[in-house]
Amino acid sequence: MADTCGQVLLGSGLTVLSHPLMYIKVLVQVGHEPLPPTLGRNMFGRQVYQLPGLFAYAKHIIKIDGKSGLFKGLTPRLCAGTIGTIVHSKVLQVCTYLISSPSQILGSSRKAEDGSLQHVVNETTKEMIARSCATIVTHPFHVVTLRCMVQFIGREAKYSGVFDSIVTIYREEGILGFFAGLIPRLLGDVLSLWICNMLAHFINTYAIDDSTSHTGEIKNCSQAVTGFFASMLTYPFVLVSNLMAVNNCGLAGGLPPYAAIYPNWLHCWSHLSREGNMSRGNSLFFRKLPAGKMYAIEQKRFF
């Protein structure tokens with residue numbers, strides 16, 4: 001229990017600190033570009049036209065809504081983080097008992113050795129189940145968070161609080177409205193987890209010599225690198241999930257011209273792929289102009 005409380009407190013602190021970053025990323029994912037491109041330098045020092053980065057975008061939000069405006073949607077996100085941590089911990093305990101105690105459940109005396117492929121598969125399976133349960137339970141709060149953020153585009157006040165937002169979603173969309181964008185989010189989480197853990201296992205097993213010094217640090221570094229690589233590969237699932245969570249919900253950011261009305265997430269994926277927007281919002285620094293697009297000053301977006 002103490003460990004869970006510590007995880008909740010730590011997670012809440014990190015959530016507060018990272019919230020402005022997520023807020024700006026979501027607005028960019030939707031396609032909102034309130035500031036025109038400017039002439040700057042890329043990472044190689046060449047002069048190119050760039051889109052405003054994280055800090056310029058943050059200054060724009062502060063200019064309109066003040067510093068508190070960077071924390072729209074924080075309350076439902078904190079609720080999601082707290083509930084998700086508790087659910088993840090409880091489910092993980094149950095999975096650990098069921099998967100890691102074969103002698104009690106299946107009558108077998110064999111147990112996977114630490115570092116073996118079977119051990120990695122068992123641990124990843126437990127983590128997958130725990131994460132998936134936490135994601136499903138907290139997704140309604142995730143939807144509320146995203147919609148509170150996207151209101152910045154049209155200056156709406158439709159989603160003003162956690163309870164009021166829940167009532168609004170249920171009244172207009174029913175139960176399914178709370179789970180808009182859930183499927184691509186789950187798929188992305190599961191794929192990212194398996195890619196990260198399996199790649200790290202094969203690197204640690206076949207590419208790192210255990211006899212060398214600092215083996216533990218090297219293995220931790222490989223886990224971090226594979227995690228970053230997996231998140232890059234599965235980013236389109238995150239983008240599609242967030243867009244589906246706000247699509248056709250009555251907010252300007254989820255309606256034309258910012259987005260078409262998508263019947264399901266596969267149509268959203270297909271449309272983004274055709275437009276070449278599968279990585280939109282992936283980077284908030286050195287943001288290059290989308291190829292073949294024109295900037296519409298009135299609509300504050302590219303078309």
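**Exercises on cores and surface**

The largest nonpolar core has 41 residues, and Ile-24 and Ile-61 have the most contacts inside it. Such a core is a set of buried Ala, Val, Leu, Ile, Met, Phe, Trp, Tyr and Cys residues joined through side-chain atoms within 4.5 Å; buried means under 20% relative accessible area, exposed over 50%, and partly exposed in between (1.4 Å probe, protein chains only).

This is a predicted model: local features need pLDDT of at least 70, side-chain atom pairs count only at pLDDT 80 or more, and totals for chains, interfaces and linings use all residues. Residues are numbered from 1 along each chain as its sequence is written, and side-chain values use heavy atoms, with hydrogens and water left out.

**Exercise 1.** State which elements give two or more residues to the largest nonpolar core.

*Solution.* Step 1: helix H1 (2–30), helix H2 (54–65) and helix H5 (117–154) are among these elements. Step 2: helix H9 (235–246) and helix H10 (265–275) also belong to the list. Helices here are DSSP runs (H or I, at least four residues), numbered from the N terminus.

**Exercise 2.** Identify the residues that Ile-61 touches, not counting residues up to four places away in sequence.

*Solution.* Step 1: contact means heavy atoms within 4.5 Å. Step 2: Ile-61 touches Tyr-23, Ile-24, Leu-27, Gly-66, Gly-69, Leu-70 and Phe-152.

**Exercise 3.** Determine where Phe-179 is found and whether Phe-179 counts as buried, partly exposed or exposed.

*Solution.* Step 1: the loop between helix H6 (162–173) and helix H7 (182–206) holds Phe-179. Step 2: Phe-179 counts as partly exposed because its relative accessibility is 31%.

**Exercise 4.** Give the share of the chain's residues that count as buried.

*Solution.* Of the 303 residues, 42% count as buried.
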